[in-house]
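Notebook open. I want to look up charge pairs, the nonpolar core and the aromatic rings, in that order.

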Amino acid sequence: MSDEQLIYKINSSDPSAFKTLMEKYQLQVFRTVMGFVHSKEDAEDITQDIFVKVYQSLASFKGESEFSTWLYRITVNMSINFVNRNRKNRLLQSLEDIFTKPGNEKTPLEQLEESERDRRIQKAIDSLTERQRMAFILSKYEELSQKTIASVMNTSEGAVEQLLQRAKSNLQRKLS
C-alpha cells in the first residue's frame with residue numbers, strides 16, 4: 001500500500017493504517033535519531049515522540065513533498081532539539097557507559113579504548129555545524145541520495161554535496 005493510501009486511511013480513522021505506516025518507517029527514523037543522540041534508550045523515546053507528532057500533524061500534511069521527506073524533516077528537527085536540550089548530560093552518560101557496559105570477551109582496556117574511540121567519533125560528528133551534521137547523518141546513517149537530502153533540507157543538491165565534503169574534511173581533521 002502506498003504512503004498516500006495509508007495517509008488517506010489514517011485520516012479516515014483506520015487505526016491499523018497508522019500501525020502499518022509506523023512499521024514501514026520505524027527503523028529508518030530510529031537510525032536517523034541514533035545518528036544524532038548516540039543512545040539507544042533516548043533514540044527509542046524520541047522515535048516514539050516523532051510518531052506521536054506525525055499522528056497529530058498528519059492532517060496538515062499537504063503532499064507537496066514525499067511523505068518520507070516530511071517525516072525526515074520532523075525526525076531531524078526533533079533530534080536536533082533533543083541534542084540542544086541535553087548537551088550537559090551526554091558527557092556524564094558516556095562516562096557511565098564505560099563502566100557499566102557488560103564485556104563481550106574484551107579486556108577492560110579494550111573496552112575503554114573502544115568506548116574512547118566511539119566517544120571521539122560521536123564528539124567529532126556532534127562538533128560539525130548543524131547543516132553538515134544533518135547532511136552527514138542522512139547520507140551515512142540513512143544512505144539517502146543527495147537529491148533526497150536536498151529535499152529534506154530544503155536546499156540544492158550542490159549545496160548538499162558541499163556540506164558532505166566539508167563534513168568529511170572536518171571529521172578527518174578532527175579524528176587524525
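Cut-off first: I call a residue buried when its relative accessible area is under 20%, exposed when it is over 50%, and partly exposed in between. Also for the record, this is a predicted model.

**Entry 1: salt bridges**

I searched for salt bridges and got six in the structure. I went through some of them by hand.

Lys-24 and Asp-3 make one, with the closest N and O atoms 2.6 Å apart. I checked where the partners sit: Lys-24 is in helix 2 (residues 15-37) and Asp-3 is in helix 1 (residues 3-11), so this pair ties together parts that are 21 residues apart in sequence. Is Asp-3 buried or exposed? Asp-3 comes out at a relative accessible area of 8%, and since buried means under 20%, Asp-3 is buried. Lys-24 has 41% relative accessibility, so I log Lys-24 as partly exposed.

Next I pulled up Arg-31, which forms a salt bridge with Glu-142; the closest N and O atoms are 3.4 Å apart. Which parts does this pair tie together? Arg-31 belongs to helix 2, while Glu-142 lies in the loop between helix 7 (130-140) and helix 8 (146-153), so the two parts are 111 residues apart in sequence. I looked up accessibility here too: Glu-142 is buried at 6%, and Arg-31 is partly exposed with a relative accessible area of 32%.

Then Arg-117 and Asp-118, whose side chains meet in a salt bridge at 3.0 Å, N to O. I have Arg-117 down as partly exposed at 45% relative accessibility, and Asp-118 is partly exposed as well, at 27%.

**Entry 2: nonpolar core**

I asked which residues touch the most other members of the largest nonpolar core. That core has 45 residues, and the answer is Val-37, Ile-50, Val-54, Leu-58, Phe-67 and Leu-138. I then checked which helices feed this core: helix 1, helix 2, helix 3 (40-57), helix 4 (67-85), helix 6 (108-127), helix 7, helix 8 and helix 9 (157-175) each supply at least two residues. Helix 4 gives the largest share, with nine residues.

I picked Val-54 for a contact list. Setting aside neighbours within four places in sequence, I find Val-54 in contact with Phe-18, Phe-67, Trp-70, Leu-71 and Ile-74.

**Entry 3: aromatic pairs**

How many aromatic pairs does a search of the whole structure find? I get six.

I looked at Phe-61 and Phe-67: their ring centres are 5.8 Å apart and their planes stand at 90°, so I file the pair as edge-to-face. Phe-61 is buried, with a relative accessible area of 16%, and Phe-67 is buried at 1%.

Phe-67 also pairs with Trp-70. Here I read centres 5.7 Å apart and planes at 45°, so this pair is tilted; stacked would need under 30 degrees and edge-to-face over 60. Phe-67 and Trp-70 are three residues apart in helix 4, which means that about one helical turn separates them. I note Trp-70 as buried, at a relative accessible area of 15%.

Last look-up of the day: I followed the ring pairs outward and ended up with a cluster linking Tyr-25, Phe-61, Phe-67 and Trp-70. Cross-reference to Entry 2: Phe-67 and Trp-70 are both on the Val-54 contact list, and Phe-67 is among the core residues that touch the most other members.

Methods
Residues numbered from 1 in each chain as written. Predicted model: local features only at pLDDT ≥ 70, side-chain atom pairs only at ≥ 80, totals over all residues. Heavy atoms only, no water. Salt bridge = Lys/Arg side-chain N within 4 Å of Asp/Glu carboxyl O. Helix = DSSP H or I, 4+ residues; strand = E, 2+ residues; numbered from the N terminus. Buried < 20%, exposed > 50% of the residue type's maximum accessible area, 1.4 Å probe, protein only. Core = buried A, V, L, I, M, F, W, Y, C linked by side-chain atoms within 4.5 Å. Contact = heavy atoms within 4.5 Å. Phe/Tyr/Trp six-rings, centres within 6.5 Å; stacked < 30°, edge-to-face > 60°.
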